[in-house]
Amino acid sequence: MGWLDAVGGRVADAGAESLRVAVQQAGPIALDVDFVCQPGELLALVGPSGSGKTTLLRTIAGLYRPHYGQVTCDGDVWFDAASKHSLSPQRRQVGMVFQDYALFPHLTVSQNVQLPLRHLAQPLRREKAEQWLARVRLEGLGERYPNTLSGGQRQRVALARALARDPKVLLLDEPFSAVDQVTRRRLQRELALLRQQIDIPIVLVTHDLEEATALADQICVLHNGKSLQQDVPAALFSRPASPLVARLLDRHNLFEGVVVDVDGQRRLQWGEYFLEVAEGLVNPPLGETVTWFLPPSDIVLHRRGRPSQGERENPVAATVSEVVVLGGITSVSLRVSNGDMLRFDIATHAARRNQLISGADVSVSLLASGIHLMPDHRIRANAHDERK
C-alpha cells in the first residue's frame with residue numbers, strides 16, 4: 001500500500017496524527033498530488049485556476065473519490081482506492097468553510113452553528129454554539145439571521161460552524177475572497193489567533209500569495225493537478241525547485257549560465273560575468289548549462305557615496321530600464337550587458353536618493369549565498385520573459 005501500512009483501519013506510522021494525501025488519476029480531472037499537513041499546522045495550496053485545489057479539498061472531505069491513492073488522518077485510513085475503502089463525509093469529521101460560506105438563510109446564526117451538534121440535547125447544543133460564537137467574537141449575535149450580517153461576520157459564523165463539529169481537519173476554500181481588503185486583513189489576523197487554540201491540520205486554498213505567505217507554515221504549489229513543491233514559505237520563495245515553480249510564485253530573476261573553471265575555481269558564466277556561487281556548483285559537469293534564480297533581496301545596490309557591505313561580491317554593471325513607484329516601495333528593473341533583466345524592490349526614498357531613473361547607469365552585487373541553481377531544469381516556455 002505504498003507509504004500506508006493499514007492495520008484494522010489504522011496506519012502504523014510515526015507521523016500518524018498528520019493529514020496525508022497522495023492521490024493520482026489521469027482524468028477527468030488530472031491529479032498527481034502528494035502532501036502532508038501536521039497537527040497545528042496550516043498548509044496553503046496555491047496555483048492557478050484549474051490546478052485542482054478545490055478538488056483536493058473535496059477529496060479530503062469525502063465528496064470526491066480519485067481513481068488511485070490514499071488519504072489518512074490522525075492514524076485513520078479515510079480513503080484507499082486499492083481496497084475500495086472510503087469513509088463517508090460524516091465519519092471523517094471534517095470542518096469546511098466554503099468560499100460563499102453556505103449558511104442557511106432561514107436559520108439564525110446560532111441555529112447555523114448548531115447544525116453539526118444535533119447529536120446533543122437542545123440546551124447543550126445552544127450552549128456549545130454560543131461558546132463557539134464567542135471564540136470568533138460574535139457574542140450576542142446568535143438570534144440574528146445571516147442576511148443581517150456583514151461579509152466578515154458571515155465568514156466567522158461559517159468558521160464557528162466548521163469548528164463546532166470538533167473536526168480532525170479544517171478545510172478553508174478561499175474563505176476571505178468575498179470580503180473587502182480591510183476586512184480580509186482583520187479576518188486573517190483572527191484566524192492566526194484562533195490557530196493558537198486548535199491543534200489540528202488546517203488546509204487553506206488561496207490565490208493570494210501574500211495571504212499564503214502570511215498565514216501558512218507550509219505552502220504546496222500545484223499546477224495542472226500536480227504537486228510540484230512543498231516547503232516553508234521562506235525556503236520556497238528563495239529555493240524554488242524549478243523555473244515553473246518560480247513563475248507560479250511570481251518570481252523573477254530566472255537566468256541561464258554555464259559551469260566553467262576559472263583559475264581552478266568553479267564559476268557560473270553569465271554573459272561577460274563569472275559569478276561566485278556559494279552552493280551547487282560541485283556536481284554539474286563543466287560546460288553544463290544550468291538555470292539559476294536570485295531572490296530580489298540578494299541584489300545589493302551600490303549606493304552613491306556610501307559603500308555597502310557585499311559590494312565586492314559578484315559586482316555587475318547595469319542600466320536602469322524601468323522604475324515603478326508603488327507608494328513607499330519602488331520596483332526597479334535593470335538591464336545587464338547580455339540583455340537579461342534583474343528585478344528588485346527598494347524603498348522609494350532610497351530610490352530617489354540614489355537617483356534611480358530610467359537610463360541611469362548603476363552597479364549591483366549578486367550575493368553568492370543567494371544564487372540558487374536548478375541544474376536539472378532548463379528554462380523552456382516563456383524563457384524570453386526576463387528579457388522583456
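## Strand pairing

Two strands are said to pair if DSSP finds at least two bridges between them. In this predicted model, strand β19, which covers residues 315-326, pairs with β22 in the antiparallel sense, and 5 bridges connect the two. Within this pairing, Pro315 stands opposite Ser365 of β22.

Strand β22 (residues 361-366) also pairs with strand β18 (residues 299-301), again in the antiparallel sense, over 3 bridges. Here Ile299 is the residue that stands opposite Leu366 in β22.

## Overall architecture

The protein contains 9 helices and 23 strands. Its chain comprises 388 residues, of which 50% count as buried. Where contacts link residues at least 6 apart in sequence, 67% of them join residues at least 24 apart.

The accessible surface of the protein amounts to about 18,500 Å². Carbon and sulfur atoms account for 49% of that surface.

## Nonpolar cores

In soluble globular proteins, nonpolar side chains tend to be buried together. The largest nonpolar core of this model has 43 residues. Val113, Leu159, Leu170, Leu172 and Ile219 are the members with the most contacts inside this core. Helix α4, spanning residues 151-164, gives the most to the core, contributing 7 residues.

The surroundings of Val113 can be described in detail. Setting aside residues up to four places away in sequence, Val113 touches Ala129, Trp132 and Leu133, together with Val157, Ala160, Arg161 and Ala164. A second core, separate from the largest one, has 31 residues. Among its members are Ile299, Val320, Leu356 and Val364. Ile299 thus appears both in this second core and opposite Leu366 in the pairing with β22.

## The environment of Glu276

Glu276 is located in the loop between β16 (273-275) and β17 (289-293). Is this residue buried, partly exposed or exposed? Its relative accessibility is 38%; because buried means under 20% and exposed means over 50%, Glu276 counts as partly exposed.

Which residues does Glu276 contact, leaving aside its neighbours within four places in sequence? The contacts are with Arg267, Asn314, Ala368 and Ile371. In addition, the C-alpha atoms of Glu276 and Leu367 are 8.4 Å apart in space, while the two residues are 91 residues apart in sequence.

Terms used. Residues numbered from 1 in each chain as written. Predicted model: local features only at pLDDT ≥ 70, side-chain atom pairs only at ≥ 80, totals over all residues. Heavy atoms only, no water. Helix = DSSP H or I, 4+ residues; strand = E, 2+ residues; numbered from the N terminus. Buried < 20%, exposed > 50% of the residue type's maximum accessible area, 1.4 Å probe, protein only. Contact = heavy atoms within 4.5 Å. Areas by Shrake-Rupley, 256 points an atom, 1.4 Å probe, with all protein chains shown as cover. Core = buried A, V, L, I, M, F, W, Y, C linked by side-chain atoms within 4.5 Å.
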